[in-house]
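Thanks for coming. I will go through the charged pairs and then the core.

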Amino acid sequence: HDQSGEDLGAPEAVGDLEILCVGFVAVGMHYEYNFRIAHSSGCSWRVQRRYSSLLALHEELMELFTALPQFPPKESLSQHLTSDREVAAGRAPLLHRYFQQLAKRKDILAQPAIWEALGAEKP
């Protein structure tokens with residue numbers, strides 16, 4: 001609820017959500033991932049997010065749920081031997097799979113944090 005008392009959370013009927021990671025783009029010295037989101041109501045939108053903000057969402061969800069899909073790791077030994085662009089390219093399909101699995105979970109979709117992270121606005 002915000003200060004006016006309005007509920008700013010997820011819609012009452014969550015419906016089906018499709019979350020697709022459709023690529024990544026260089027922004028200054030880092031990469032951001034592009035997502036296309038479509039709701040069963042017919043609404044669709046695109047958002048661009050940094051890995052760090054997606055990781056923060058995952059960490060927030062970890063406080064609420066025990067069984068979450070595996071989130072793409074922050075760093076691995078092989079990432080130290082590859083370029084940032086290659087790291088981003090490797091993460092994109094993993095983020096796609098992660099969000100595909102989250103989208104199947106009505107309990108997770110009921111959380112305002114995921115809607116906020118995905119750029120959903122209350123109609």
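**Salt bridges and core**

Asp 107 forms a salt bridge with Arg 105, and their closest N and O atoms are 2.9 Å apart. Bear in mind that this is a predicted model. As for exposure, Asp 107 has a relative accessible area of 35%, so Asp 107 is partly exposed. Arg 105 is partly exposed too, at 24% relative accessibility.

How many salt bridges does the structure hold? The count is 2. The other pair to show is Asp 16 with Lys 106, where the closest N and O atoms are 2.7 Å apart. Asp 16 sits in the segment before β1 and Lys 106 in helix α3, so this salt bridge ties together parts that are 90 residues apart in sequence. Lys 106 counts as partly exposed, with a relative accessibility of 43%.

Now the core. The largest nonpolar core has 30 residues, and the members that touch the most others are Tyr 33, Phe 35 and Phe 99. Which elements supply at least two residues each? Among the strands they are β1 (17–27), β2 (30–39) and β3 (44–50). Among the helices they are α1 (51–62), α2 (84–103), α3 (106–109) and α4 (112–117). The largest share, 7 residues, comes from α2.

Let me finish on Phe 99. What does Phe 99 contact, once neighbours within four places in sequence are left aside? The list is Ile 19, Phe 35, Leu 54, Leu 57 and Leu 118. Phe 35 on that list is also one of the three core members that touch the most others.

Key: Residues numbered from 1 in each chain as written. Predicted model: local features only at pLDDT ≥ 70, side-chain atom pairs only at ≥ 80, totals over all residues. Heavy atoms only, no water. Core = buried A, V, L, I, M, F, W, Y, C linked by side-chain atoms within 4.5 Å. Buried < 20%, exposed > 50% of the residue type's maximum accessible area, 1.4 Å probe, protein only. Helix = DSSP H or I, 4+ residues; strand = E, 2+ residues; numbered from the N terminus. Contact = heavy atoms within 4.5 Å. Salt bridge = Lys/Arg side-chain N within 4 Å of Asp/Glu carboxyl O.
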